Structure formats: structure tokens, C-alpha cells
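Student: I would like to look closely at one small part of this model and then follow the description outward from there. Please take your time, as I am new to reading structures.

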Amino acid sequence: MKRSTDKAVTHVLNNHKGGKQLQTVWDRYEAQQPQCGFGELGVCCRHCMQGPCRIDPFGEGPDRGICGATADTIVARGLARAIAGGTASHSGHALHVAHVFKKILAGKAPDYAIQDEVKLKAVAVRSGIDVEGRPVIDVARELLDKALSEFGDKGEPLTWAASTLPLGRIKVCSELGIVPTSIDGTIAEVMHRTTYGVDADPINILLGALKCAVADYTACHIATDLSDILFGTPQPVVSKANLGVLREEAVNIALHGHNPLLSDIIAQVASEPKLIAEAKIAGATEGLNVVGICCTGNEVLMRHGIPLATSSISQEVAIMTGVLDAMVVDYQCIMPAIATVAECFHTKVITTMAIAKMPGAEHMAFNEENAVECARAIVRQGIERFTYRNPDKVCIPQESSTAIAGFSAEAIIGALAKVNADDPLKPLIDNIVAGNIRGICLFAGCNTVKVPQDHNYVEMVKKLLAENVLILATGCASSAYARHGFMTSEATKEYAGEGLTAVLTAIGEAAGLGGPLPPVLHMGSCVDNPRAVDVAVAVANKLGVDLSQLPVVASAPEAVTEKAVAIGTWAVVGGFPTHLAWYRQCWAVSW
Ligand code: MSK
């Protein structure tokens, strides 16, 4: 099977010098064939030790598990647990940022600061906090307390969900009994109700899963808001994407994972003259070259213009170029295989988080109280590894595309305000009503080994753009579009229909881009999906309609992680017709 539609990835897969014994995710996938058909359909259960049980989907074998659970119950339990797993990941991410926020306010993390007071005040006001005449630090403390209370049982609806969703959605959630009062409590509830001998009603289990998805939305929104407050709300930035951003004459350090807490600091210290000089003394005539992978890559691309090397599924391929001196990882979407692949090269894999270690990698504990020194020590590891590089193993592909990223909700509304300062949403709404924009599609999610990398993203977007559908993208979806050249003004001219091109040209020129906005707007990492909801909610509120009445859809056509399942589920709760491809299962649902 073809492995990737990305020419850079294919080039390295075909020409790398890591030796025949080197295995990638695609080799391991082939070695797993045939995969368990019961597992693929979700009709096996191992929640108790009497199992595993499986249901015959053809009606020729058992139709119940040993406890009596039907296929519907087993599938509902499996789906609910996937959503709980995704929610736990986003909760951990958000809570980590909140805990560092707390240290900053206590003066215990001096290398961080509140960088976006405007966003702080906007989130505080939205959350019902009085900001008038109050010192920033007081507002920040109250907002932090509110954020932390969302994780424990506050006994009332979660502020972040209640204050960012329109009334229509809140009414639907209330009627269905899916309003969470705690992020972590809701995760625990799903684990409880899906354990042996508790909830056996598939509909009831799914309602619990929907409630958990609302908790996931809340966690994602908190993570995005607090990150913007600490590191700045993204604004459009021009950079490059794909493996061609790696440089033979530089120390190449990849930042991989999800959280900006470490990566943002590394992005900052990498421009320090002393470290650059150390890299040059080590023989790297072009100094330091920091690149991003996965959603950590999206975070530093959006805020610092750091080039994006590749996405999750091809993380090993970055090492196989032979020029990656260090891969620094935090958590989520990091394959343990990278340490094995790195053994074939000189690359040092550095884990940094206590909850995410890996055999074969070096662990350098990241301490937020001493963030800059930790970041410098990590960069120096990369410089040291550069001296072990083997020139005979170098295989850097040529491909890299220009990518305009950084379209936070604030940036999109800011661009629209250049067209109509008094009523920024009017140009968007008018063009939807006039049919120049026929709809908006949010692409989110990952790259799966089960389809040639990026194939679904690229084929779907070409057709949608030709039909004048505006595209928003996050996570590895945004990486796919960045690497394939869909985040440029030229892409608008090449792929967008007439109506959409005219709109994007008018906005781009009014915003001073000298050409159209890209037809695919990079809105951030996978945790940043609420940014797209914020734009849709602003439009819905202005029109006085529910989200479900807007021509907005969502798709994760190459989904991998439980996080994608959680996000897709809250998109359904949000009223967006949603497509989530889970090979061989493919769901298209709406509410
Ligand atoms: S990194 S969750 S593979 S989007 Fe956010 Fe990409 Fe999916 Fe991980």
C-alpha cells in the first residue's frame, strides 16, 4: 500500500540510510495484519477478567458476552471509554498549564509571565469576573481559581462551557441531562458506569459519553485560553512546513508533543547568541534550527513562526533524515518507536515529563521553576549530538511549503474588522447569505497509518474549496495542509471557487496581505479546536440562531487518537454534522 502522499516523507522512506533493519509505523502495521476483526468493529470486551468476550457480527456465534452484555452495550462502553481517555488527556494538558499559571502568580516560575492581558481580561469578563479598576494579578488569580474549580466537583455547570456555548446548545444539553459539573469527575463517572455490572443501557452509556465530551470541550478551551494568556494569542505568521526545513549545516532540534510550557521556552532560548555561538563552535555553521512536530509544532509555529517539520504519523521519518540532532518530547502522540529508530542514527530522544518516559530515551526532567536553564540544557544536548552526526546518513528532502498560520479566533475577527471595523462579522455573514461562501468545514485530527498519509485531507479539501467551502484546520490536519501548500495566497487562486476567492481576496487585501487569505486557515493544535467554535458561536449569536442552524461541519478523516474521538463527539453535541473516520468504522453523525 502507498504509505504517504507527502513527497518529502516518501523520499526519506525510500532513500534513508538507517539500514534494512529499521522499521517504521508502516512496517509495524503490515506486521500486524490481519488485525482482529472483532476489535475493529468494537464488538469485543475485556472489562472484566471472565473475558475477553466477543460478539459474532454475522449472527452465527455468541450474541452476548458472559455477563449478558449485547453488542450495543459493548460498543457503547468502548466508545465511552475512548471519549474518557481523550478527555483525560486534555484535562491533564489543561491542568498542567493551570498549575504553572499558579506558580507564576505565586512568583515561583520567574521565566514565565502573563503576555496577553487583553485576552486575560476578555476571558475573565466572559467568565463573570469583574475586571474594572482591578490589578491584573487579582483578575488573574480569580480566573485561575475559577479554572481550577472546573476540574473538581463544583456542583454547578462548568463555567467554560456555559459561558462559551450559545443558549440553544445549553438547552439541548440540559434536556438530555449531559451538563457536566466537573471535568475529572465526569471522566471518573464514565469509567465507573462502564465497569463490570454497572450501566448496560447503550443509550444511557452514550449520554454519559456525550456529557464527558462536553467536559473535554471545557478542558480544551481552558488549555487554549490559559496558553494564550501566558504565551500570547496567535496572529498570522509566515513560515515553512515539511522536512525540507531541516538544515544540514545547523543543529536541528525537533519539539514534539502538545504542550507549549517547555517548547515555548526552547523556542525563545534558541535565539540566544551564546547558544548559537556554541552550535557554531561545534561545527554547525548555520547555528541552531528549531523545528516542530505534531501539535507542539503547531503551538510554536503559531506563536513564533518556528517551521513545522512533519506530523505525528511521520515522526520517525524526521529522525531518518539523519540530521535531527535531538527530538525533545513532552506528551501525547509520541510513538515509543522513535527511541528504536534513533538507535540507527545519532539522534538523542529526550523525554521531559514525569508521566511520559520511554525506554531508550534520555529523561531530562523539566522544571517550570527553572524553565530557561532546563531549556538551555536541552538545547546543549542537541549541540553535543551534532558532533556525532554521520554525513553518510544524511537524507534531507527538498520539499517545504510556505505556510501562513496563526489564525486564532481573534485573528480571524481582526482580519474581518479590516473590511468592516464597526461590524466585523458582517462580511462573513453577508457572503454566506449571498452564497459566495457555501459553508465552513473544520478539519481536525491526525494522520492514520490505515490510509496513505494526507490522502483524505487533500482529496476532500480540493473538492470543498472548488465548491466555495471555507476550510479551518487544527492539529495534524493543519500540518497536512501546511505541508501540501494549502496555506498560501497562491492556493486560494489555484483551488478556491470564484465566490470564495473573491471573499478571501477582499479580506486579505484589506488586511494588508497583498493577496488573498489562504483558503485553509491554520487555527492551532488539536487542543485549540474551541477556537473554531468561538467563531461559529459569535456568528450564531449575532444571527440569533443555534449552532446547528449554521452551514458549519467538522471532519476528522484520518483520526487516530481517543482525543479525536472526544473532540468529534463534542462537535456533535455542538450541533455540527460531524464525520470521523475510524477505520474500518466510519461515522457520520449530526444532532
Ligand atoms: S498531534 S491527537 S495525532 S492531531 Fe495533536 Fe496530531 Fe491527532 Fe496527535
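Student: Where in the chain is the place of Pro52, and between which elements does it sit?

Tutor: Please keep in mind throughout that this is a predicted model. Pro52 sits in the loop that runs between strand S1 (44–45) and strand S2 (53–54). The peptide bond that joins Gly51 to Pro52 is cis, with omega about 5 degrees. A cis peptide bond also joins Gln33 and Pro34, where omega is about -5 degrees, and Pro34 has its place in the loop between helix H2 (25–31) and helix H3 (37–41).

From these loops we can move on to the domains. The protein chain is divided into domain 1 (71–231), domain 2 (243–393) and domain 3 (404–558). If you take the centres of domain 1 and domain 3 over their C-alpha atoms, you find them separated by 26 Å, and the contact between these two domains draws on 14 residues from domain 1 and 12 residues from domain 3.

The size of an interface is often given as the accessible area lost when the parts come together. For domain 1 and domain 3, about 1,100 Å² is buried between them, and 57% of that area is on carbon and sulfur atoms. On the domain 1 side, Pro166, Arg169 and Thr224 supply 40% of the area buried against domain 3, which is more than any other three residues give.

Polar groups also meet across this interface, where there are seven residue pairs in polar contact. On the side of domain 1 that touches domain 3, the elements giving two or more residues are helix H4 (71–105), helix H8 (167–176) and helix H10 (202–231). Of these elements, H10 gives the most, with six residues. Sorted by character, the residues on this side of domain 1 divide into five nonpolar, six polar and three charged.

Charged pairs deserve a separate look, as three salt bridges are found across the interface of domain 1 and domain 3. The side chains of Asp228 and Arg531 meet in a salt bridge, with 2.8 Å from N to O. Asp228 also forms a salt bridge with Lys119, where the closest N and O atoms are 2.8 Å apart. That second pair links distant parts of the chain, since Lys119 lies in helix H5 (residues 117–126) and Asp228 in helix H10, 109 residues apart. In the whole structure there are 35 salt bridges.

The last stop is the ligand. Domain 2 (243–393) and domain 3 (404–558) both give residues to the shell around the ligand, so the ligand lies between them. The residues around the ligand are His258, Cys294, Cys295, Ser312, Cys333, Gly445, Cys446, Gly475, Cys476, Cys526, Thr561 and Lys563. Helix H13 (294–304) and helix H20 (475–483) are the elements that give two or more residues to this shell. By character, the shell divides into six nonpolar residues, five polar residues and one charged residue. Cys294 is worth a second glance, for it lies in helix H13 and its phi is near 60 degrees, a positive value in a residue other than glycine.

Notes:
Residues are numbered from 1 along each chain as its sequence is written. This is a predicted model: local features need pLDDT of at least 70, side-chain atom pairs count only at pLDDT 80 or more; totals for chains, interfaces and linings use all residues. Side-chain values use heavy atoms; hydrogens and water are left out. A residue is near a molecule or strand if one of its heavy atoms lies within 4 Å of it. Helices (H or I, at least four residues) and strands (E, at least two) are DSSP runs, numbered from the N terminus. Ala, Val, Leu, Ile, Met, Phe, Trp, Tyr, Cys and Pro count as nonpolar, Asp, Glu, Lys and Arg as charged, and the others, Gly among them, as polar. Domain bounds come from an automatic or database domain assignment. Contact means heavy atoms within 4.5 Å. Buried area is the accessible area (1.4 Å probe) that two parts lose on being put together, summed over both. A salt bridge is a side-chain nitrogen of Lys or Arg within 4 Å of a carboxyl oxygen of Asp or Glu. A polar contact is a pair of N or O atoms within 3.5 Å; within protein, one must be able to donate a hydrogen and the other to accept it, and residues adjacent in sequence count only if both atoms are side-chain atoms.
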